[in-house]
Amino acid sequence: MSAGDVIVQLLSGLASAAILFLVAAGITLIFGAMRIINIAHGSFYMYGAMGMTTMLALLPDGDTGFVVRLVTIPILVALLGAATEVLILRRIYNREHLAQLLATFALFYIFADLARQIWGSDYRTASIPGALAGPVTFGSYTFPLYSLFIIGVALAVGLALFVLLRLTLFGWRVRAAVEDPELLASTGTNVMVLSTAVFALGAGLAGLAGAVVAPLITVTSGMDANILVAAFIVAILGGLGSIGGAVLGAVIIGLFQAFGVIWFPKWSSVIIYFVLIMVLVLRPAGLFGRVE
Amino acid sequence: MNRAIALTTALVFSFAAGSASAQEVAIGAPMALSGPLASVGQRALNGLQMAVEELNASGGLLGSKIRLVTGDDAATPATANTITRNMVLNDRVKAIFGGSSSATVAVEETIAGQYKLPMMIYAGNDISLTTTNFNDFAFQMQPSTFMEPRAVALYLARANLKRVFTISPDFSFGHSYVKNFLEGLRENGVQPDVVGEQYPALGSSDFSTYIAAALAAKPDFVFVGLFSGDLVTFIKQAKGYGLFDKVAVGVSTATDTVLTLKGETPANVTMWGRAPFFAMNAPGIQDFAKRHHEKHGTWPSDWPVLAYASIQIWAEAVRKAGTFDGPKVAAALNGGKFTSILGDLTFRECDHQADAPVYIGRASKTVDARYGFPLLEDITIVDPNKTMMSCEQARSLQKK
């Protein structure tokens, strides 16, 4: 491989990592603050993508419409997440983990069926906005401008999450909830409202991932399950509850996938599982996770 | 009192049996209506429903109305097994029409054989369906994974390919597709270096690393065995990498692709398909396409055409047999020649493979004003007799 090929492959891996990070960040946030493994998280990703393909009369077309959708859809998905948390999940916090897992599993199927009722079974597409549609060329090599945009969105979200969790009162409370939720509650913090906010934020991140990736894929039922496994691997690899872990986990998985298809083509579809097992053997709680 | 109870019980059971009344016959169509192949299932369902509606509107079949029973197998063999058995045992279907993927069709085919029901295979074309999984009741309407890639290899024989890269889905169909394409090239005197063979998972949403790997390998030709939604995703992503400007590429499910991408279809890419209506002259095909467009707001891809034809052919076989009885209908299909919107098809006795051609051409640079999508140019219709597996070889692979 030439240096140019390596750069293209590296950027491709980082573009994959960007989407995985956006979805995994939500999973790890929710688990960290609420100790819930949300199997329905992929549904929020799918709804974000479906929303992007939906032409609503109120939203303009073209580049402006793209920006409006990109801002609106994650908010709508976050509201869906909040409603889910308030109406359903809040009632099972005190139940055993298996019951919580089954509840989110049931939600996964309900959301999938609802999506089929709303958008049908056939696949849907969205277009890349004109301003982001071209390639970036360096020498004889080409890389999609839109993929660079996706990397940029992930970087911006990562930075925003860092600021939110490290430098704001909300972030302090979320990190306190991760460390010791009972102690946090004793300080007078309304942990229920905090849980709703965290769940909504996690759902919104997944919705943003779906909205951002929609122009690059065919949006169809089944995409909720497809992203879920990879996103969970990233979250577990990085350590459930750790945003920094989600970043590193996503980059590791993205790059292993990118170079794995070249170096180990026969194993490319399972390489991420090898990586996960290797990391867990060495660090059972993930890279930045802590054994409870 | 006992008589009343007995009568009531008989009445209840006759309602609860779920079977067709004397004037109604059920046929079963398990298919993917969710998951990565939902588009295949949904599009095929449109064709099946149109065929059944039109059949019933013209008086039904042998004096009976036809009732279409469908079920969502999500392209999962275990679910296909349950749904198909349900159709056979509860709905008492008289025929099975399948499916959405070769993996589920294999299961449905086995059940059809167990219960001696004729099965028309309109989607799912792995060669195993007519060889290792063969039974007396399933009939393959499309070119198999032995034939279709060989047709492409024959088409490319003069291109003097030196370096070939393949990308195909990671299940039986995908591997068979590539194997037979490479064998087809060699059979036609082309001995390229295979500079990469990639098998992404079915339903992948990210092909970027595979595309980058293909470009890094610097092939003359990229053979893409992906289909339907996966293929559209692949093309959308590959355009960003300039793949189609740098390398000759060949892709399948031509009609599905141009219908979806429309003006975004990359020009000059080699495309092939099983039933591109715009390139076909068979009786009734253009009329069917217009009716499909009026009813569904979209022109038909291969799947509704094949599915519609499957009902046409089965109905003709039932008329020939004079009965819905499975073994008799299968006997009528076996070796028989049938006319449908696909044209004339004959099912070979040795493996029940129809002599179905492959249509290959290049995507036009311009969108056709009639249809709103680019058509294929310089179409070659590859003679199926040049690509079919010999009966001798097919029989040697079939279970005794």
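Helix α5 (residues 147–155) of chain B lies across four strands of that chain, namely β9 (248–251), β10, β13 (358–363) and β14, and runs at about 50° to β13(B). The model in which this arrangement appears is a predicted one, and the description below moves from the sheet of chain B to its loops and then to the contact with chain A.

**The sheet of chain B and its helices**

The four strands crossed by α5(B) belong to an open sheet of 7 strands in chain B, which has the order β7-β6-β8-β9-β10-β13-β14 and mixed pairing. At its edges stand β7 (193–198) and β14 (376–382) of chain B, each of which has a single partner strand, so that one side of each is left without a neighbour in the sheet. From one strand to the next, the twist averages 20°. Within this sheet, strand β6 (residues 163–167) of chain B runs parallel to strand β8 (residues 221–224) of chain B, and 4 bridges join the two; one of the bridge partners is F223(B) in β8(B), which is matched with T166(B).

A second helix, α7 (residues 208–217) of chain B, lies across β6, β7 and β8 of chain B, where it runs at about 170° to β7(B). Helix α7(B) also takes part in the contact with chain A, as described further below.

**Loops of chain B with backbone features**

Two lysines of chain B, neither of them in a helix or strand, have a positive phi, K116(B) and K262(B). The table sets out their values.

| Residue | Phi | Loop in chain B | C-beta neighbours within 10 Å |
|---|---|---|---|
| K116(B) | near 55° | between α4 and β4 (119–121) | 14 |
| K262(B) | near 50° | between α10 (254–261) and β10 (270–273) | 14 |

Why does K116(B) count as partly exposed? K116(B) has 14 other C-beta atoms within 10 Å, and a residue is placed in that class because its count falls between the limits of 12 or fewer for exposed and 20 or more for buried. K262(B) is likewise partly exposed, with 14 C-beta neighbours inside 10 Å.

A cis peptide bond joins G98(B) and G99(B), with omega at about -10°, and G99(B) is placed in the loop between β3 (96–98) and α4 (102–114) of chain B. The loop between α3 (77–89) and β3 of chain B holds D91(B), which is partly exposed because 18 C-beta neighbours lie inside 10 Å. Although D91(B) and G28(B) are 63 residues apart in sequence, their C-alpha atoms are 8.2 Å apart in space.

**The contact between chains A and B**

In the contact between the chains, 37 residues of chain A meet 35 residues of chain B. Elements of chain A that each supply at least two residues to the side touching chain B include α1 (3–34), α4 (97–119), β2 (141–144) and α5 (145–167), and the largest share of that side, 7 residues, comes from α1(A). By class, the side of chain A that touches chain B has 17 nonpolar, 17 polar and 3 charged residues.

One helix pair in this contact is formed by α10 (residues 243–263) of chain A and α7(B), which pack at an angle of about 40° with their axes 9 Å apart. The two helices are therefore oblique to each other, and their crossing is right-handed. On the α10(A) side Q257(A), A258(A), V261(A) and I262(A) meet T209(B), Y210(B), A213(B) and A216(B) of α7(B), a contact that by class has 6 nonpolar, 2 polar and no charged residues.

Terms used. Residues numbered from 1 in each chain as written. Chains lettered and ligands numbered in written order. Predicted model: local features only at pLDDT ≥ 70, side-chain atom pairs only at ≥ 80, totals over all residues. Pairing = 2+ DSSP bridges. Axes fitted to C-alpha atoms, helices over the stretch in contact; angles between N-to-C directions. Contact = placed C-beta atoms within 7 Å. Parallel < 35°, antiparallel > 145°, perpendicular 65-115°, else oblique. Left-handed = near helix turned anticlockwise from the far one by under 90°. Nonpolar A, V, L, I, M, F, W, Y, C, P; charged D, E, K, R; others polar.
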